[in-house]
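Q: Please take a close look at one stretch of this chain and the charged side chains in it, and then show me how that part sits within the whole. I am in my first year, so please go step by step and give the reasoning where there is some.

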Amino acid sequence: MACVLEAPLRMSVLSEVTASSRHYVDRLFDLDPQKVLQGVMCSSKPLIFYIPFYSSDFLKCALTAFCKVSIHVRDMKNAVIGNNKQKANLIVLGAVPRLLYLLQQETSSTELRTECAVVLGSLAMGTENNVKSLLDCHIIPALLQGLLSPDLKFIEACLRCLRTIFISPVTPEDLLYTDATVVSHLMALLSRSQYTQEYICQIFSHCCKGPDHQTILFNHGAVQNIAHLLVSTSYKVRMQALKCFSVLAFENPQVSMTLVNVSVDGELLPQIFVKMLQRDKPIEMQLTSAKCLTSMCRAGAIRTDDSCIVLKTLPCLVRMCSKERLLEERVEGAETLAYLIETDVELQRIASITDHLIVMLADYFKYPSSVSAITDIKRLDHDLKHAHELRQAAFKLYASLGANDEDIRKKIIETENMMDRIVNGLSESSIKVRLAAVRCLHSLSRSVQQLRTSFQDHAVWKPLMKVLQNAPNEILIVASSTLCNLLLEFSPSKEPILESGAIELLCSLTQSENLALRVNGIWALMNMAFQAEQKIKSDILRGLSTEQLFQLLSDSDVNVLMKTLGLLRNLLSTRPHIDHIMSTHGKQIMQAVTLILEGEHNIEVKEQTLCILANIADGTTAKELIMTNDDILQKIKYYMSHSNAKLQLAAMFCISNLIWNEEEGSQERQDKLRDMGIVDILHKLSQSSDPNLCDK
């Protein structure tokens, strides 16, 4: 029967370990350099705890365990390698400051300094808390200083430790860039050995997190210094160089345009990347090469119809989505492919018919497998870990595939339980999965047919409205954009969305500090107001308030302004509605129209504003607000003679509605406009070479 250590004895064992660790930490402070070196060098031998489970009584088992611990806890290095608990123990006991002190002392032998770097690197391989403790002790400046040493072994040990620290998620990448000379020195060290090449490229790839970092590395000659490493005899060096280029080129036209023209041994980099895509190369290399070519393509450095994209990169990424690949490889392959085809219709079509991709992606939703089907606990844990990532990747790729083509959207929706999966994805605990599901829904919502059928059958508006109630901005932006499509006049979802209190929600979005949310909020209201009942229009105006309407009309962003004008135009449609709205809000609306026509706005904005005036002029009583406003009439007259035909035509629509013969008071209005010289302008326009103006 296996014995179980009681708590007091467990504490004794821990005390013994701590006491032993304390002893070897104390040796770091010995005045004898040889003893210090011995204490450090011994700290890299593996620590093994043997606690045999004999079938004898408890005392014999406990005594055996105690003796074994006493024997094997011999020195500090035993408490470093392979045991996170003992690494933490040594850190608590104060080993790090002393190790750093010895590492930085010029009087320390090179061998001792190198061993200190090795032990510190081993400590960094422990938990994230270990790395935090090392950072708190200012380990990075000490290691960077060590790179100035002439000794290669010491430099490699410092770089290895730096690599381990920088790949930790708790290490701020900006620590690499605080001193402008560091990157230059690292570039110079690339030529020292294959180890320096491997470690430095790995540091760069993990510390390049955006355009600022890309620019720094690019300006320090990263492309030229790293390019030749792609043909290194060391696989590790080739891979780290490749990873470096994949992050340097991501969403960076400058780097991508440079890469496409760089050659190594007479071969251009894109050709080298294509060779690395071949099936006989390791999967890691194929995937990373595909990412490099994808980034270069998206940046415009390689055409989307180039054979290296259509015949090499795209098929490689589709292969990565197959069942034969590891789950993490399938995730990376799908996400990279989604990015590659996101904006190109032809690539979307090619991908959709390659290796039954649409059906293949459905398998991404089948993880984790049912517990009863899995006897291996490790596999279950692995599946659970990657299940969210798989669903996120599948939704992203479906969103890209269905971005433009109606037939592809139809195939996606007809995939097994697809709409149910999207609906379930909208309520996932993972924010990333929810965001990807909303993006997929947004892509599919561009289909008129699906809005009328599948979207209605599955009532997707309900979970979408829940998402809009309480979500981060990144989800709100896509969800509100999807809602815009669901509020189009032919969508059956429009009425139930209105009944669920959408007006209040959308009006609140128009007050957001986030530009995209303001645009989407007013856009959705514009769609809602199209051919709507008078009550809905009144509710929109009441929800917005006059003050907010003026705020939107004075917004610095032209998209907000255009959508607000579009909303006003939709509100002011059909005569009874026009007359009703102008009777309650006429003064404010006319004031807004005047300000826009007088302002420095583009042609499209002024054309939309003149169209609003044309709608007002179509009202029975509302037109008097124009006829009694000489300032507005003069502006209409001015735009009739404008050099832009669109503005001329819009102004003529205003006049046409004002002078319509069949309406009461038409003669008086015609007389007033004749006195203003409008008829003379109309005669000139009738001779225009533009058929639209001439006919009108």
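**Charged pairs in helix α33**

A: K535 and D539 lie four residues apart in helix α33, which covers residues 534-553, and so about one helical turn separates them. Please keep in mind, while looking at these positions, that the model is a predicted one. The side chains of K535 and D539 form a salt bridge, in which the closest N and O atoms are 2.9 Å apart. Side chains of opposite charge can pair in this way when their charged atoms come close. K535 counts as exposed because its relative accessibility is 57%, and the cut-off for that word is over 50%.

D539 also meets R542 in a salt bridge, with a distance of 2.7 Å from N to O. D539 and R542 are three residues apart in helix α33, which is again about one turn of the helix. R542 has a relative accessible area of 60%, and therefore it is described as exposed.

A useful contrast comes from another pair, D630 and K672, whose side chains meet in a salt bridge at 3.2 Å, N to O. This pair links distant parts of the chain, since D630 belongs to helix α38 (residues 630-640) and K672 to helix α40 (residues 666-675), with their positions 42 residues apart. D630 is partly exposed, because its relative accessible area is 46%, and K672 is likewise partly exposed, because its value is 29%. Elsewhere, K323, R330 and D363 are linked in a network of salt bridges. A search of the whole structure finds 24 salt bridges, to which these examples belong.

To place helix α33 in the whole, it helps to know that the secondary structure of the chain comes to 42 helices and two strands. Of the 696 residues in the chain, 54% are buried. The accessible surface comes to about 32,200 Å², and 52% of it belongs to carbon and sulfur atoms. If one takes the contacts between residues at least 6 apart in sequence, 69% of them join residues that are at least 24 apart.

Turning from the charged pairs to the interior, the largest nonpolar core holds 220 residues, of which F245, L401 and L613 touch the most other members. Nonpolar side chains tend to be buried together in soluble globular proteins. Once neighbours within four places in sequence are left aside, the contacts of L613 are M590, V593, L597, I626, I632, I636 and C654.

A polar residue can be followed in the same careful manner, and Q392 in helix α22 (residues 377-401) is one to look at. Q392 counts as buried because its relative accessibility is 11%, where the cut-off is under 20%. Not counting residues up to four places away in sequence, Q392 touches E335, K432, V433 and A436.

Finally, the cysteines deserve a look, for the structure holds zero disulfides. C116, for instance, is in no disulfide, and the nearest cysteine sulfur, which belongs to C158, is 9.9 Å away. C116 is classed as buried because its relative accessibility is 0%. C507 is buried too, because its relative accessible area is 3%.

Conventions:
Residues are numbered from 1 along each chain as its sequence is written. This is a predicted model: local features need pLDDT of at least 70, side-chain atom pairs count only at pLDDT 80 or more; totals for chains, interfaces and linings use all residues. Side-chain values use heavy atoms; hydrogens and water are left out. Buried means under 20% relative accessible area, exposed over 50%, partly exposed in between (1.4 Å probe, protein chains only). Contact means heavy atoms within 4.5 Å. Accessible areas come from the Shrake-Rupley method with a 1.4 Å probe; for residues, only the protein chains shown count as cover. A nonpolar core is a set of buried Ala, Val, Leu, Ile, Met, Phe, Trp, Tyr and Cys residues joined through side-chain atoms within 4.5 Å. A disulfide is a pair of cysteine sulfur atoms within 2.5 Å. A salt bridge is a side-chain nitrogen of Lys or Arg within 4 Å of a carboxyl oxygen of Asp or Glu.
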